[in-house]
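User: Please take a close look at one part of this model for me, namely its aromatic side chains, and explain how they are arranged and how they are covered.

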Amino acid sequence: IEFHKIVGIFLAVLSLVHCLAHFVNLGLVVRKPNSTDLYWEYLFTTRKDFGWINGSAGLTGLLLCVVLTIIIICSQPCIRRNGDFEIFYWSHMLFVVWYVLLILHAANFWKWFVVPGFLYAFERITRSKW
């Protein structure tokens with residue numbers, strides 16, 4: 001369980017750094033001379049064709065942040081230990097949504113997901129049969 005917590009903390013910190021770096025980068029792109037780009041177009045629309053599927057990098061990135069934030073908030077000891085384990089459990093089940101969004105967000109992520117995803121699915125299937 002401790003290793004899982006450490007991985008979660010690293011995931012949260014590195015995700016925050018990744019997001020902040022993109023926010024700064026978009027700010028620099030929008031401020032270029034003669035630029036007609038708008039900051040919100042990169043984040044909330046698919047008009048800029050930025051990302052793997054129809055310019056969805058901004059939208060999927062924001063949704064990834066929202067899902068991860070929900071998981072982090074619902075993982076706090078005050079929720080787990082106050083008898084609200086179901087909140088903790090069901091928020092963690094959002095990992096499926098998170099992985100789907102991540103596959104849509106990053107073109108090459110599927111290469112990193114195939115083997116562990118298959119192993120996880122196999123384990124869940126075999127566990128449900130016993």
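Analyst: Before the aromatic side chains, a short stop at serine 56, which touches Thr46, Phe50 and Leu104 when residues up to four places away in sequence are left out. This serine 56 sits in the loop between α2 (39-44) and α3 (57-73), and it counts as buried because its relative accessibility is 12%, below the 20% limit for that class.

Turning to the rings themselves, and bearing in mind that this is a predicted model, a search of the whole structure finds 9 aromatic pairs. One of them joins phenylalanine 85 and phenylalanine 88, whose ring centres are 5.2 Å apart and whose planes meet at 45 degrees, so the pair is classed as tilted. Both residues belong to helix α5 (residues 85-92), and because they are 3 residues apart there, about one helical turn separates them. Their cover can be stated for each in turn: phenylalanine 85 is partly exposed, at 45% relative accessibility, whereas phenylalanine 88 is buried, at 17%.

Tryptophan 98 and tyrosine 99 also form an aromatic pair, here edge-to-face, with 5.3 Å from centre to centre and 75 degrees between the planes. Within this pair tryptophan 98 is buried, with a relative accessible area of 12%, while tyrosine 99 counts as partly exposed at 30%. Tryptophan 98 and tyrosine 99 are also members of a cluster in which ring pairs link them with Phe95, Phe109, Phe113 and Tyr120.

Terms used: Residues numbered from 1 in each chain as written. Predicted model: local features only at pLDDT ≥ 70, side-chain atom pairs only at ≥ 80, totals over all residues. Heavy atoms only, no water. Helix = DSSP H or I, 4+ residues; strand = E, 2+ residues; numbered from the N terminus. Buried < 20%, exposed > 50% of the residue type's maximum accessible area, 1.4 Å probe, protein only. Contact = heavy atoms within 4.5 Å. Phe/Tyr/Trp six-rings, centres within 6.5 Å; stacked < 30°, edge-to-face > 60°.
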